[in-house]
Amino acid sequence: RYKEKKMKISFDKDTLLKEISIAQEIIATKTALTILSNVLLSVKDGSLTIKATDIKVSFETKIPVNIIEEGSTTVFCDKFAGILSSLPSGEVEIEQKDQKLTIKSVVKKAKFQLKTIPENDFPAFTEPTNVNFFNIPTKEFKEMIHQTIFSVSDDETRYFMNGVYIENKEDTLYFVATDGRRLAHIKKNFGIPIPEFKGVIVPPKILNIINKRASDEGNIEVGIGEKNIFFNFNSYKFSSVLIDGQFPNYERVIPENQNLSFEVSRTEFIEALKRVSLLVELKTRRIFLNILPGSLIISSQENEIGSAREEIPCKYDGQEVMLALNYVYIEDPLKTITSDRIKVEFTEAMKAITLKPEPEEDFFHIIMPMQTE
């Protein structure tokens, strides 16, 4: 039987807890049944390496600790995180022997023991071989995620739409997400050469974690391989399996020219939507936009219960038009746009509408309307 190496370290509680809570987000199983519920702790060469995976997404980082004895083990992440967060700030000591991890606070006389599983059962991580990395500002990369991720489909029968599509066209990075009824599109040129890769579909889990964990300072290193995508920033290494499938031809959905448009204040639009959506049919989530010269009337009807209506000023000088839309599809992008004004472009009641900031930026959102009846 594989004999586990002993290990003993002390460290600052808050520093380790931050890393363990990232591991906790990665780990899918919250029950202590398999090695996949465990986080790997490995101490050598003056630092502690932490690893976690759910098989698809992997996470690795190193932090400096005070080493008394080198060694490695894996421990049930959820309980380990719970124990650490219960302890007061300050120094904590952990010691591994006889398949048990002892956790002690140096400040309080509190002591815990957790069973461990030897690390030789822990899955090996995919290393980036022959992957060309490129460095781009983290803040802009996060903005690209933020502007698209909510449009990803959660319909598992159309798994090829369950991620954000990323492609490189002439050193411009494109992010596109769609669920078949709406589409989010953003592109950025960073003024650097970006290695060529064929378009890939990236699952939202890894993107959400990066959006949450990467600071707005500095750069993120991105590498795209055949089956995996890799991200490095600060002392973190993340990777994820890509979704294997053919992303729909999204360019077909983007309207070439839309001759009508109206403009409204973003905050007025959001606030009116919030009120009017109180009486929206739960099944259809349908709201009506009645566009008239100078004003936009937003209304809803919940058949058995009642109706709501609000009028806001609007810049428009065409014929009266009535559009019906799923209010979530308007509300989601409005929450991520930061400009004061919003422009909505359209051609007729049943054709796609485009929602964008005014003045225009490097992104837009397309929404398919609903039947007004």
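**Exercise 1. Establish how strands β19 and β20 are paired, and place them in their sheet.**

Strand β19 (residues 286-292) pairs with strand β20 (residues 295-302) in the antiparallel sense over five bridges. Here helices (H or I, at least four residues) and strands (E, at least two) are DSSP runs, numbered from the N terminus, and two strands pair if DSSP finds at least two bridges between them. The model is a predicted one, in which local features need pLDDT of at least 70, side-chain atom pairs count only at pLDDT 80 or more, and totals for chains, interfaces and linings use all residues. Residues are numbered from 1 along each chain as its sequence is written, and side-chain values use heavy atoms, with hydrogens and water left out.

Step 1. Take one bridge: Leu-289 has Ile-298 in β20 as its bridge partner.

Step 2. Extend the view to the sheet, which is open, has four strands in the order β21-β20-β19-β22, and is paired in the antiparallel sense. Its edge strands, each pairing on one side only, are β21 (306-313) and β22 (321-326). From one strand to the next the twist averages 20°.

Step 3. Add the helices. Helix α5 (residues 266-276) lies across β19, β20 and β21 and runs at about 170° to β21. Axes are lines fitted to C-alpha atoms, for helices over the stretch in contact, and angles run from 0 to 180 degrees between N-to-C directions. Helix α6 (residues 327-336) lies across β19 and β22, at about 80° to β22.

**Exercise 2. Identify the strands that pair with β2, and determine how many of the residues of β2 are buried.**

Step 1. Consider burial: six of the seven residues of β2 (residues 38-44) are buried, that is, under 20% relative accessible area, whereas exposed means over 50% and partly exposed in between (1.4 Å probe, protein chains only).

Step 2. Find the partners. Six bridges pair β2 with strand β6 (residues 71-76) in the antiparallel sense, and five bridges join β2 to strand β3 (residues 47-53), again antiparallel.

Step 3. Follow one residue across both pairings. Leu-41 stands opposite Thr-73 in β6, and in β3 the bridge partner of Leu-41 is Ile-50.

Step 4. Inspect the turn. The hairpin of β2 and β3 has two residues between the strands, and Asp-45 there takes a positive phi near 50°.

**Exercise 3. Describe how helix α1 packs against α2 and against α4.**

Step 1. For the first pair, the axes of α1 (residues 13-26) and α2 (residues 77-86) come within 10 Å and cross at roughly 150°. The two helices are therefore roughly antiparallel to each other; angles under 35 degrees count as roughly parallel, over 145 as roughly antiparallel, 65 to 115 as roughly perpendicular and the rest as oblique.

Step 2. Assign the handedness: α1 passes α2 in a left-handed crossing, the near helix being turned anticlockwise from the far one by less than a right angle, whereas clockwise would be right-handed.

Step 3. List the contact, which means heavy atoms within 4.5 Å. Lys-13, Leu-16, Leu-17, Ile-20, Ala-23 and Gln-24 of α1 meet Cys-77, Asp-78, Phe-80, Ala-81, Leu-84 and Ser-85 of α2. By class, the contact of α1 with α2 has eight nonpolar, two polar and two charged residues. Ala, Val, Leu, Ile, Met, Phe, Trp, Tyr, Cys and Pro count as nonpolar, Asp, Glu, Lys and Arg as charged, and the others, Gly among them, as polar.

Step 4. Repeat for the second pair: α1 and α4 (residues 204-213) pack at about 160°, their axes 11 Å apart. α1 and α4 are therefore roughly antiparallel, and α1 passes α4 in a right-handed crossing. Lys-18, Ser-21, Ile-22, Glu-25 and Ile-26 of α1 and Lys-205, Ile-209, Lys-212 and Arg-213 of α4 make the contact. Its residues divide into three nonpolar, one polar and five charged.

**Exercise 4. Locate the cis peptide bond, and characterise the backbone at Asn-130 and Asn-234.**

Step 1. The cis bond joins Glu-358 and Pro-359, with omega about 0°. Pro-359 is found in the loop between β24 (353-358) and β25 (363-367).

Step 2. Asn-130, although not a glycine, has a positive phi of about 55°. Asn-130 lies in the loop between β9 (111-117) and β10 (133-137) and is exposed, with a relative accessible area of 83%.

Step 3. Asn-234 has a positive phi near 50°. Asn-234 lies in the loop between β16 (228-233) and β17 (236-241) and counts as exposed at 67% relative accessibility.
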